[in-house]
Amino acid sequence: MKLKRQISSASDEADVLAAELLYLNMLPLTGATIGLDRKLEIIKTVLSWTSYDVAIPADLVAAANPGYMKGGQAFLNFRWAQFAFLIRVTRELLDLPIEERERLLSDPWAFRDLARSVLPDHDGNFRARAQLHVLLFLLFPKVFVPVSAERNKWAIRDAFADRLPSTSGDVDWDIHAIRQALEREAGHPVDFYDEPWLSKWQPAQTRAQRGWLVRGANVNGTNVISRWLEDGFCSVSWREAGEIRAGASRKEIETAVDDAYPDHTNEARRAHVQQLWRFLSDMRPDDLVATLDGDTVYLGKITGDAYYDDSEGREIARRRPVDWNVKRTLSRKALPEEAQARLRDRRTVVDITRVTAQLAELADMGEEVAPAVVEADETRPLEIPEITPEAANRLLLPLDWLRETADLLMAKGQLILYGPPGTGKTYLATELAEMLAGPDRMDLVQFHPSYGYEDFIEGFRPRQAEGGTIGFELVPGPFKRAVEAAEGEPTKPFVLVIDEINRANLAKVFGELYFLLEYRNREITLQYSPQEKFKLPKNVFVIGTMNTVDRSVALVDAAMRRRFAFRALAPDRPPIEGLLRRWLTRHNLPDAPALLLDEVNRRLADPDRAVGPSYLMTSEAGDRRGLERIWATEILPLLEDQLYGKVVDVEQEYGLRVLLDALKLDLP
């Protein structure tokens, strides 16, 4: 620990002071940034450097939870600058006579001037300034506001400047006067992060219409849906949490959940917060809402903000007004599979925007749906371009075979092209992907023995922050990026090409994705994102390539074979059979390379070890000198590798001169 090295020779008193300053630094942070246990762990570590036992007082432990601000990664990364600032302020105070020190600690503005004076002149000024604003609020909460970002203070001042006779150059002084004026108007304390004040200085971004599923068929053992339909509302329970105002911030909801469920795990509490946030603050009037009662699906429209009414008990106290469409209900079993999949989610509040347009259309509520929801509808049919004769002619491959392969991919979702080296597997996979999805909706990744789940789907990656510290962030892999892109255009196909798919440990790389490859309309949780459901959209397709030279197709486990369609590419079978001759004819080259290739493969007499035509599909193969180079640097090394361990003189059996003599070919 860097701090330990810096104060290793200091006194016990210095160690305790360092712990106190760290406490002051971390005190305002909520559990979303750094939890109470972690705060105490850091402080206890510093206290352990003393020669005697030092305990953290119980009142300080209680005050450290839950905090009032999310510091974010920047606040944590700049702790060194904030800590240095606190040290300078403390040193300035300790150097003063006690009477002067007490005067400063009782005069907010004089103390602020002192604290400002010790801010560094260099870049550390910016990095420590947040700590200045935090310290001022902690010491003088009736004068300074709990705002750590200076830009937010200026935004607040500008938004409420009409409460001032005139503005000054002192933002803290102006906000203090503004808050006094607002509190006189409201008759109670003002929090600038609460409504109605928040939206004045931090206007909410306009948000497109959304669709929601809210469950009410089993609320603590009771079906409350009939009450919803009768009185025009929907509700959620969480009865232990009591009343939480409509539009509450996440911080307020976190505090209420922590108080209501102290024994729950952090993950469970985060799930509660997410669900309550969706119902109280993320839902908006004009959003559509669905609920399920057995096989029956009811659809309605939210008509107002959340409210709290516990006159009939807390199970249905937390409510949203809804105009339910009771005249046109739907059968869940008759819905499109994508809609059924979304409705299987067992959470209380679920975002179902991607199937809302279809539900509304079936429920005769299509006129209630915004265009953005229609665009997001994943139940719409895919727009698959047809492979044209021109494309087949360009590839020199049969049109029927290409269309059949494309149909197989569309039907199965996953396809593997397999065959010996040189049969054009990767080239054909990428060409097919571009024909179906276009260059902007396809990607290629190559598997290798060290490739894993974290590389392909998602995993934590180290990242250097501005302060030089190392942190970790969750980074999506190519597969998850493809899924995210595909969700934005549900009618367009997205194709991921995996080259040499058999070189990686497939069970390790695909993980829980194995399930989704077969059951696309189901949802699962990913191991690094357990709080969110993950679904493989119908418009994401995978094309893999696989070499047969090592008999790897036979080694693919049954689970993988069942999930992929397999398409063979062999030099002696369509569509590859005759490809080299067709290419040579198109380029007005002699057919000697095709004759040589046929002779090599006849002598090998092993389809899995055959040599593919792509080695010779080059203008260099049109003369002897070019053929000699290709033979010496590509074909013979390939054959030596394939025939390793066999009693075969590769040069004597497959050398270019030997084959030319056998075929009685005379090349210039």
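**Salt bridges, surface patches and backbone geometry**

A salt bridge connects D172 with K153, with the closest N and O atoms 2.7 Å apart. This pair ties together distant parts of the chain, since D172 belongs to helix 11 and K153 to helix 10 (residues 150–159), 19 residues apart. D172 and K153 are both buried. The coordinates analysed here are those of a predicted model.

The D172–K153 pair is part of a wider arrangement: R112, D113, R116, K153, D170 and D172 are linked in a network of salt bridges. In general, side chains of opposite charge can pair when their charged atoms come close. In the structure as a whole, 51 salt bridges are present.

Two further pairs illustrate the surroundings in which such contacts occur. R609 and D606 meet through their side chains in a salt bridge, with an N to O distance of 3.1 Å. R609 is buried, as is D606. R319 forms a salt bridge with E312, for which the closest N and O atoms are 3.1 Å apart. In this pair the partners fall into separate accessibility classes. R319 has a relative accessible area of 4% and therefore counts as buried, the limit being under 20%. E312, at 43% relative accessibility, counts as partly exposed because this value lies between the 20% and 50% limits.

A polar contact was also found for Q131, a residue of helix 9 (residues 124–139). The side chain of Q131 contacts the side chain of N25 at 2.6 Å. Q131 has a relative accessible area of 0% and is therefore classed as buried.

Two patches were examined on the surface. The nonpolar one consists of F460, I470, F472 and L474, which together have about 420 Å² of accessible area. Strand 11 (residues 470–476) makes the largest contribution to this patch, supplying three residues. F472 is located in strand 11. With a relative accessibility of 59%, F472 is classed as exposed, because the limit for that class is over 50%.

The other patch is negative and is formed by E640, D641, D649 and E651. Of these residues, E651 is placed in helix 31 (residues 650–654). The relative accessibility of E651 is 47%, so this residue counts as partly exposed. That value also satisfies the requirement that patch residues have over 30% relative accessible area.

Backbone geometry was considered next, beginning with cis peptide bonds. The peptide bond from E195 to P196 is cis, with omega near 10°. P196 lies in the loop between helix 11 (171–186) and helix 12 (198–201). Helix 11 is also the element that holds D172 of the salt bridge described above. A cis peptide bond also joins P574 and P575, where omega is about 5°. P575 is located in the loop between strand 16 (565–568) and helix 28 (579–586).

Positive phi values were found in residues other than glycine. For L396, phi is near 60°. This residue is placed in the loop between helix 19 (389–395) and helix 20 (399–412). L396 has a relative accessibility of 13% and therefore counts as buried. K664, likewise not a glycine, has a positive phi of about 55°. K664 is found in the segment after helix 32 (656–663). Its accessibility class is opposite to that of L396: K664 has a relative accessibility of 73% and so counts as exposed, whereas L396 is buried.

One further separation concerns helix 3 (residues 36–47), in which L36 is found. The C-alpha atoms of L36 and A62 are separated by 9.2 Å, and the two residues are 26 residues apart along the chain. L36 has a relative accessible area of 22% and is therefore partly exposed, the upper limit for a buried residue being under 20%.

Note on methods. Residues numbered from 1 in each chain as written. Predicted model: local features only at pLDDT ≥ 70, side-chain atom pairs only at ≥ 80, totals over all residues. Heavy atoms only, no water. Patch = residues over 30% accessible without salt bridge, like charges linked within 9 Å, V, L, I, M, F, W, Y side chains within 5 Å. Areas by Shrake-Rupley, 256 points an atom, 1.4 Å probe, with all protein chains shown as cover. Salt bridge = Lys/Arg side-chain N within 4 Å of Asp/Glu carboxyl O. Lys, Arg positive; Asp, Glu negative; His and termini not counted. Charge placed at Lys NZ, Arg CZ, Asp CG, Glu CD. Helix = DSSP H or I, 4+ residues; strand = E, 2+ residues; numbered from the N terminus. Buried < 20%, exposed > 50% of the residue type's maximum accessible area, 1.4 Å probe, protein only. Polar contact = N/O pair within 3.5 Å; in protein donor to acceptor, adjacent residues only side chain to side chain.
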